[in-house]
Amino acid sequence: MKKLLVFLKDYKKETILGPLFKLLEASFELLVPLVIAAMIDKGIEVGDRTYVIKMCGILIALCVVGFATAITAQYFAAKAAAGFARKVKRALFNNIQSLSFSDMDRVGTSAMITRMTSDVNQVQQGVNLTIRLLLRSPFVVFGAMIMAFTIDFRQALIFVVTIILLFVVVGVIMAWSIPGYGKIQSGLDTLLRLTRENHTGVRVIRAFGLETKEKDEFGKRNNELMNLQQHVGGVSALMNPLTFTILNLAIAYLIYKSAALVNIGELSRGQVVALYNYMSQILVELIKLANLILTITKAIASGDRVQELLELKSSMKDGESDEFENTEIHIAFNDACMRYTGDSEDSLEHVDLEVKRGEKIGVIGGTGSGKSTLINLLPRFYDVREGSVFIDGKDVREYKLEALRERIGIVPQKAVLFHGTIRDNMRWGNAGASDEEIFEALKIAQALEIVLGKENGLDHMVSQGGKNFSGGQKQRLTIARALVKKPEILILDDSASALDFLTDKNLRHAISEMENAPTTFIVSQRSSSVHDCDKIIVLDNGAVAGIGTHDELLNSCELYKEIYDSQFKQEGAV
Amino acid sequence: MKKKTLKKVLKHAGKYRGLIFLSLTLAVLTATLSLYVPILAGNAVDCILGKDNVDFKGISFILFKMLIVIGITAVSQWIMNKANNAITFKVVRDVRAEAFDKLQILPFEYLDKVKTGDIVSRIIADVDLFADGLLMGFTQLFTGIVTIVGTLVFMFYLNFRIAIVVVALTPLSLLLARFIANKSFELFKRQSEARSEQTGFIDEMIGNLSVVKAFAHEDENMEAFDEVNDRLFDASVKAVFVSAITNPGTRFINNIVYAAVALFGAFACITGRMTVGGLTIFLSYATQYTKPFNEISGVVTELQNALACAERVFALIEEQPEQADSKDAPEAFLPEGNIVIEDAAFSYDKSKSLIEDLDLNIKKGQRVAIVGPTGSGKTTLINLLMRFYDVDKGKISIDGMDIRDIKRADLRNNFGMVLQETWLRSGTIRDNITLGREGFTDDEIIQAAKASHAHSFIKRLPEGYNTVISENGGNLSQGQKQLLCITRVMLNIPPMLILDEATSSIDTNTEMRIQKAFNKMMSGRTSFIVAHRLSTIREADVILVMKDGHIIEQGNHKELLDKEGFYYELYNSQFA
């Protein structure tokens, strides 16, 4: 939590002045019992009406000034807290975006979203109340004690003991409930995950008739959370009755002791009333303080989780260079091995491959054979465990990530579009792309008709996740999106799977017809998609089973022949 | 709007009448007794008149009474707090469960349109904020009102004239609180909207972080994020500030009341109509009396916020559900699998036609392959068969029965479905295969996994079938995910099957082997297969060639090739 406080830096003025104004307001309040005591001792006892009126005038003046300072403080608090939340969210979002793929796999999407939403909200509320009350409340409490000392030393000792007792009670209750709030939050995380899953997987859930089961599971977790909340809340519920008891017992004792002092003439009646008033003020502020501490407790628990995510530094080190040379060998895999975190075996073993500029490379192999793993090494989604990957003569780890990825156009397996217009989506890789460039890319990606079929053309809105497009339409649009970038390296990660053969063929043809055709990697299950590649790499369970042209592989690679046969010969079509 | 929402909240709370009654009773007790304490203190002060003039006996008796009152108050307050917690958390649980249950019966028209982040924000964050407001409402609203009434009664009893002064001035406090509350409701609503928009954005971008990174789109995202973040900041500052004026504002008015009480009280003391102890009580009341106004106005603003959140949850709960199953639906539905589609029409966007004049007659056990360019309506046909959407016109019947006359669950139970988009949840591999369906032995699960060729890769996972995978399947490849989804269906094969690009990410080698299992699975079962791989399609009894929402060609592989039409063209493109 502590390290989050730097995000208040830009609101230094508000963060410092807010509590100060609150202190000012509190000091005015502390003067009130003194004014009343004077009123009793010098006004009422001697029957001086003008003195009483004068004192009332002072009271009103105090409350006007108090109001003005308080409002200012509230504004500062609101601004600082909202500004703080804005900065934290920004930093969080920024950090999440910088995480490597392994980090993302580990943290999980739901957790990241909760951190950015409900956790930050809690922290914002905590900061707001802290600025408003954290100084004010203790100040009033201790201020009242000090004022008591100025009235009578012996009676002030009662204040000291009371305050200590109150703090002990509040402290113990807090210490007990803080971990409880952490557990409540993780219970909420579970509900969040279930809700998410039930929306994203609604088709499967209904197809399998799982509605009741899902309801039951959610109901169970929901009940668990409720019980936990009641349990933790039950302890916090002790706070008010306990503080009430301690304070009123102190008042009773105070009056009892004062009686003796007044009897021997060492204390005036007005002073007794003032002491009593100070004691009452302590209670009001202490209740506020207790509620504040509750909110702060929740906020700190949330803050810690936020900080944890914020401090999670990408496990991938960024490179320095952004200069790319025009070497003849465009890409080289040099004994590359890759292993996912937590796995015991490599997912890719000892891959050696050289690719010339503009070549077309086919990657083929069984499910889980490491095809995606291989191409994920190029944009450094993951790093090699051993060996190296070179682009333009330099190890990919030497380049700045952003510069590196800017040169690579990737069409992922899962076609994802984003909320916004088609044009917005197309400009993802190249913010300055003209409509002409976009249409050119759409044409190559065989996606022109999709856009032309829409009334608003490029301005057609894509809903979240591209739900208003079919799977194949999405794939073609994502291909176009990668082409708008004019990448030097184009990776099609099984991205034609939802396309029919005709479209797939036209697509490949159009890409090879491009001016300055990019070095292209085509990952596919279909041998028809790769058979005209300059080189085909056949993967089997993470290892290279063969590299060569279609004809070479048919003769030399058993596995390739098998795949080819499964798709061609047995159909008897050729 | 606000009132309606409040009514709904009260309706939900009504279930816990007993607890509410208990809480109310204890609130009266707690408030009255805590008002009695200052009176006792004031009386004690009156026993202290001056030097050598203190009634020690009187003080001891009064203080003894005070001890008892304090004890009872504390206990009653503690039980009240617990009751309030129980009410709040139970209501929140109910609302959450209701919202979640609703999610299960909402139509796809709604679900396909709404963002996941938005649903999540409603069921989780909004309900949470609503809980905070509700708890504050219960803990402070009742006690506040009782304290105000109690104080009034005590004050009129003690000194009529000063009580009048207090009563005359306090409406100011109420007016102010009301004014601020009205103002802040709108502001909170705006804050809530901005927040929901932000959550949607976060959900979309973090959910697809891999694409974001692939396009090095982080900076652009940051800009878009900043834009909505700034808007939320503005809304937030305004909402929080305006609602935060309430406290100092009412405190200001209270302090004026305090000064007035001091003035009139002091005069009454001078003329001897009141004792100094009486003034002490009055002054203590003046703070106590106004405190509940503070709290109530605080609660009111908090409740505004809570209601704004509640409104969004209730909007979800009250969303039109899909049409209920027909009352005349048969108890059991065990079809053979003869499917007839007559003159069906359907489109998502009612202003644009998609599927029109669709006629189809499938006999039991036939294998139907659906081919056609993307966007031609293949997936839509499946949506209609599964009743994810209902036809706009015409009808679909199974064994002569309109599918709208069958319970959805029964209908869907009779279809085994594998979709192109894999969906895995966080949990073990086993959970992902059974999906919670009970009564399957480990052996059956392994048999199913062997049939779908998923067994070999599951076996190699660190914990085998007990390996826990994360929400999107973690490190599993797309193909492995698809194998898991196929295993689900293999586990219990219904009489009709729908395979929507079920093997698109599986290599042909594995697919060939699965195909054997599929063939076994499909024998005697009516099956629909959407695929691009013609090898998968060749063996179909009927091939439907779709284009622009219409079935343009229909027949078996040989017939269609002989026709040299659209299918012929598609088929040849694979080998050319």
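Colleague: Axes here are lines fitted to C-alpha atoms, for helices over the stretch in contact, and angles run from 0 to 180 degrees between N-to-C directions. So, what is the angle between helix 9 of chain A and helix 2 of chain B?

Modeller: This is a predicted model, where local features need pLDDT of at least 70 and side-chain atom pairs pLDDT 80 or more, while totals for chains, interfaces and linings use all residues. Residues are numbered from 1 along each chain as its sequence is written, with chains lettered from A and ligands numbered from 1 in written order. Helix 9 of chain A covers residues 239-263 and helix 2 of chain B covers residues 17-47, helices being DSSP runs (H or I, at least four residues; strands are E, at least two) numbered from the N terminus. Their axes lie 10 Å apart, and the angle is about 5°.

Colleague: Are those two roughly parallel or roughly antiparallel?

Modeller: Their angle is about 5°, and the roughly parallel label needs under 35 degrees (over 145 is roughly antiparallel, 65 to 115 roughly perpendicular, the rest oblique). Helix 9 of chain A and helix 2 of chain B are therefore roughly parallel.

Colleague: How many of the residues in that contact are nonpolar?

Modeller: A:Ile251, A:Ile255 and A:Ala259 are among those from helix 9 of chain A, and B:Val37, B:Ala41 and B:Val45 among those from helix 2 of chain B; contact means C-beta atoms, placed from the backbone, within 7 Å. No residue here is charged and one is polar, so nonpolar residues (Ala, Val, Leu, Ile, Met, Phe, Trp, Tyr, Cys, Pro; charged are Asp, Glu, Lys, Arg; the others, Gly among them, polar) number eight.

Colleague: Which element gives the largest share of chain B's side facing chain A?

Modeller: The whole contact takes 144 residues from chain A and 140 from chain B. Chain B's side divides into 72 nonpolar, 44 polar and 24 charged. The largest share, 26 residues, comes from residues 218-270 of chain B, helix 8.

Colleague: In chain B's open sheet of six strands, which strands stand at the edges?

Modeller: The order is 8-11-12-5-13-14, with mixed pairing (two strands pair if DSSP finds at least two bridges between them). Each edge strand has a single partner, so one side is left without a neighbour in the sheet: these are strand 8 (415-418) and strand 14 (550-555) of chain B.

Colleague: And what is the bridge partner of B:Ile370 in strand 13 of chain B?

Modeller: Strand 5 (residues 367-371) and strand 13 (residues 542-547) of chain B run parallel, joined by four bridges. In strand 13 of chain B, the partner of B:Ile370 is B:Leu544.

Conventions. Contact = placed C-beta atoms within 7 Å.
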